[in-house]
Structure formats: C-alpha cells, structure tokens
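Please open the structure in your viewer and keep the selection panel at hand. The stops below move from aromatic rings to the ligand and then to a single side chain.

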Amino acid sequence: MFSIVKILLFITGSCLAFNNKTFPENFKFGVSTSAYQIEGGWNEDGKGVSVWDYITHYKSSFILDHSNGDVACDSYHKLDEDIAMLKHLGVDFYRFSISWSRIIPTGRVNQGVNLAGVNYYRNLLKKLKENNIDAMVTIFHFDPPEQLQAESMFVNGSLNSLFVDYARMAFLLFGKDVKYWVTFNEPRGVCCDFLERFSLQPGRDSYTCTHNIIKCHAQVYRMYDEEFRADYGGSVGIVLNTNWDEPASDKQADIDAAERKLQFEFAWYADPIIHGDYPELMKKRIKQFTLPFMPDRLPKFTEDEKKYIKGTADFLGVNHYASSYVSDKPDFGLFRTFEKDVGILMTYDPAWNTTSLDWFRVTPFGMRKILNWVHKNYKIPLIITENGYVDGTGDLNDDGRINYLQSYLSNVLDAMYIDKVDVIGYSTWSLMDNWEWTSGYTQKFGLYYVNFSSPNTERIPKKSVSYYKKVVESHCVVDECE
Ligand code: PNW
C-alpha cells in the first residue's frame, strides 16, 4: 500500500508543470569540463606525467574499458572547435581545469614552467575573451603530477606549499583573464574514494588529507586576496559535491542518519571554510568512536587557523546529480573507516529512473532540497558547477537529457523564487562526451557527442544542444515564460 501511494505521488509530482519564471538577467549559464577528461596531448610539448597518465598506463585494470585519456576529446588540438561549440551554445562562462603537469611538468615551480602548456591555456583564455565568454578555472581537478605522488596526496602536508606555488603561478600567468577561480574540485573524492581504498589508516588518512586541503584552499584564497584581487578582481571558491539525502523512513534514527551524511560529506568542508571549524556533530561522533588511549582521528584547527580559514570563499560551487535514501547503519566495531564513522546505508527508490551509472538517479526534487539545505547552513552565493545526465550510448536523440535539464532547472527556479535561495549560476556537465575516470569511455555526459573511434574525434550536437541553447538565451526552461 505504502509503495503504491509513493508511486502515485511520484507520478503526479513529475507531471506538475515546470516552473515558468525567468532566470534573473544577471544569472550566468555555463558548461563544464576538466583537463584530463578532454585534453589528450598527454605527453606533448613538454607536458609532465600526471597521476592519471600513470594509472591508465600502468594500472589499466582499474579502468572499466582499459582506456586512457592519451587522446580523449583531443581538445589540446581542437581549441577552435571547442570555442565554436561554446559560442553556438551562447554560454556566459566556460568551466575548465588546468592540468598542473602541463604547465609545471614535475609539479615544482622551481624546476621549470612549460611555456607550450602555458600557451595552450593563454590561447583558450584569449579566444574566450574574444567571444565574450567568462572563464571559470579549476586549479585542481584530480590530476596532480605523478612525481608528487611521493607527497602522498595531501596526507603528510608537504603537498600544500607546492600547490600554493602552482596556484600563484596560475594567478600570475592567467589571472587577468579569469573571472572565477575554483581551488579544488570535489576534494572529498580525493581524500575518501581514492585514499580510503589504498591507505594504511583508512579513516584517519581521510581526515588528515581533508585537514590539509582545507588549509591549502584557505592559503590560496588569502594569497589571491593579498596579491591579485586588487588588480584582477576575480572571485575564488571551492567546488563540493553532494547528493540530496532523503531519510529512508520517518524514524528518528533515519532522519538523523540523512543529516549526518550531509554533515560528514558536505559540512566537513563547507563548515570550516564558511564558519571556521568542523561541524560539532562530526567532532562528537568521531570522538565517540575513538577510545581514550587512541590518538584523535579528526585533527583540530588552532584558534589562529580558524580565523584564517573562516570566510575563504566568495561563492560555493555545488556539484549535484542525484538523490538517495539514507538509513541508520550502526556499526560499533573498533577498526574505524570514514564510512563506518558516517554509519549509514544508502538505497534508491525503485520508482526513480536510472540509466547507465550505478549512482545515477533522475530525482529533480533533490535539487531544490539540497539548494535549500546548503542555503540554510551557509547563506553564501551558490553556483551549480555540475549537474547533468548520463547514458551509455551517446544517443543523439537525447530526450532523457532534455527532460533531466528541464526538470532540474525548474527546481532551481523553485529554490530561487519560492525559497529565496541565492543561486547565481548554473553549469551543466558536460560540454561534450569525455573520459569518465574509472568508467573510461563507457559513460557519456555530453551535450555534444564525440566520435572516439575516429582519428578526427568529430563532435556532433545532440538534440539537447538546441534545448540548452534556448535556455541560455531566453533564461526560460519552458516554451514561454511569464
Ligand atoms: C564529478 N558520485 O564526479 C566530477 O567532477 C567529474 O569529473 C565527473 O566526470 C562527473 O562528476 C560525472 O561523474 C563525480 O558517485 C563522481 O556520486 C562520482 C559521483 C559524483 C560526481
């Protein structure tokens, strides 16, 4: 009975008309990509080896189709085509990332800067400017130079100063042409997904890695403030990803579990950066699972650090794709991992549509809910830096993608106009099909199809190109807005 009611609610909910309000005139629309996923040119013109070059070449069994980004969309050689697509879409901004090892091959600024790599980004920025497209540049999108692996991915802290040097170089070289800077993309992915799997002290390494990344982010923000903001006037933020987590039942334990997941996954980063310290809930919970004679697993910020870190974001970037149900999953074992500290079980409603990726669900209501949750906690301008639809085919008739964009954007409008959430921009993932990390080329998020089996890697517009172009132009997600 309960599930019939749920299905009925779902059907009526999804049949409700889309929001016919117009996005404000100054609202910005964009498309997103990242360096390793599109550039190719992996060893050209003096580029150094990145961790993903290394993984794909030496540990290709981690990649579903054993593929790599050696060529990917070949964007390193196809600047003009990429620009033509952006121009056709009419976007206000383009979110892309810099490959650290392309501009600083060993990762260490004092060992040399690669001019050819610098010129690639300079050209890109120049052409964006000529076409009136603002740049949103991610400094770190998962691909540090392989030579820095010895620095153990932020766990021992020695990567911090190298990253700050790299960021300063990026500001010096490109700052005058960049309106929005993102220090890190989805740092939780770096500290949990990757480290948890390979580290000796699972839970503890993730907390230390995050601690260092937060300090590093703050240092880069302060450096921009002191050395560059007066001249270049850009903004600096960070990009965090999150599902919407719906309690699986109305039991208090499940309601608490859903909130706990958001606290551990999102507030873990956002609280220090916006409010100056880790969430109380996290501190208490981790302590509760640490015996008195064991070392603290969650590091502490000093009072000076709290002051220094607090307020180091001009905007928050939110990557959001899908929702999940969350229930409490108590686990009192002594050997703690991050996952056990969170202590939840994630499930999906069978009524939620999915496509080709295990975590992907079409749950537009979650967009409105997560925007409300973030706004309630942080009251800071939000940019949706990623949101998009995946399939395994790259179908040109991508009605599924059009429906996804329309229903999610409609919920963005609800959050803005009904709930008064401060959203200033939206960027869809992705401009074109690209190399989807451990899924290789099997998963396609693009507005443009890319023919990866042809030496010319032709790009072909999917049906969603005309829909998104219309939204960007009219600021309206339905045929006609009020
Ligand atoms: C983001 N999840 O990663 C990344 O920023 C992109 O590089 C990536 O291509 C895109 O989303 C699509 O996956 C995510 O499991 C990876 O929920 C995994 C998840 C979410 C985002």
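**Aromatic pairs**

The count comes to 53 aromatic pairs, where rings of Phe, Tyr and Trp (its six-membered ring) pair if their centres lie within 6.5 Å, with planes under 30 degrees apart counted as stacked, over 60 as edge-to-face and the rest as tilted. Select W52 and W435 as an example: the ring centres are 5.8 Å apart and the planes stand at 70°, so this pair is edge-to-face. The pair links distant parts of the chain, 383 residues apart, with W52 in helix α3 (residues 51-58) and W435 in the loop between β11 (423-429) and β12 (448-450); helices (H or I, at least four residues) and strands (E, at least two) are DSSP runs, numbered from the N terminus. Both W52 and W435 are buried, a term that stands for under 20% relative accessible area, with exposed over 50% and partly exposed in between (1.4 Å probe, protein chains only).

This is a predicted model, in which local features need pLDDT of at least 70 and side-chain atom pairs count only at pLDDT 80 or more, while totals for chains, interfaces and linings use all residues. Residues are numbered from 1 along each chain as its sequence is written, and side-chain values use heavy atoms, with hydrogens and water left out.

Next, select Y321, W359, F360, Y389, Y404, Y408 and F445, which ring pairs link into a cluster.

**Around the ligand**

Now show the ligand with the residues that surround it, Q37, H141, N185, E186, N319, Y321, W359, E386, W429, E436, W437 and F445, each having a heavy atom within 4 Å of the ligand. This shell divides into 5 nonpolar, 4 polar and 3 charged residues. Which polar side-chain atom distances to an oxygen atom of the ligand can be displayed for H141 and W437? For H141 the distance is 2.9 Å, and for W437 it is 2.9 Å, while an N or O atom in the side chain of Y321 is 3.2 Å from a ligand oxygen; a polar contact is a pair of N or O atoms within 3.5 Å. The protein covers 82% of the 450 Å² of accessible area that the ligand has on its own, by the Shrake-Rupley method with a 1.4 Å probe.

**A side chain in helix α9**

Finally, select N212 in helix α9 (residues 202-227), which counts as buried at 9% relative accessibility. The side chain of N212 reaches the backbone oxygen of F154 at 2.6 Å, and one of its polar atoms lies 3.2 Å from the backbone oxygen of V155.

Key:
A polar contact is a pair of N or O atoms within 3.5 Å; within protein, one must be able to donate a hydrogen and the other to accept it, and residues adjacent in sequence count only if both atoms are side-chain atoms. Ala, Val, Leu, Ile, Met, Phe, Trp, Tyr, Cys and Pro count as nonpolar, Asp, Glu, Lys and Arg as charged, and the others, Gly among them, as polar.
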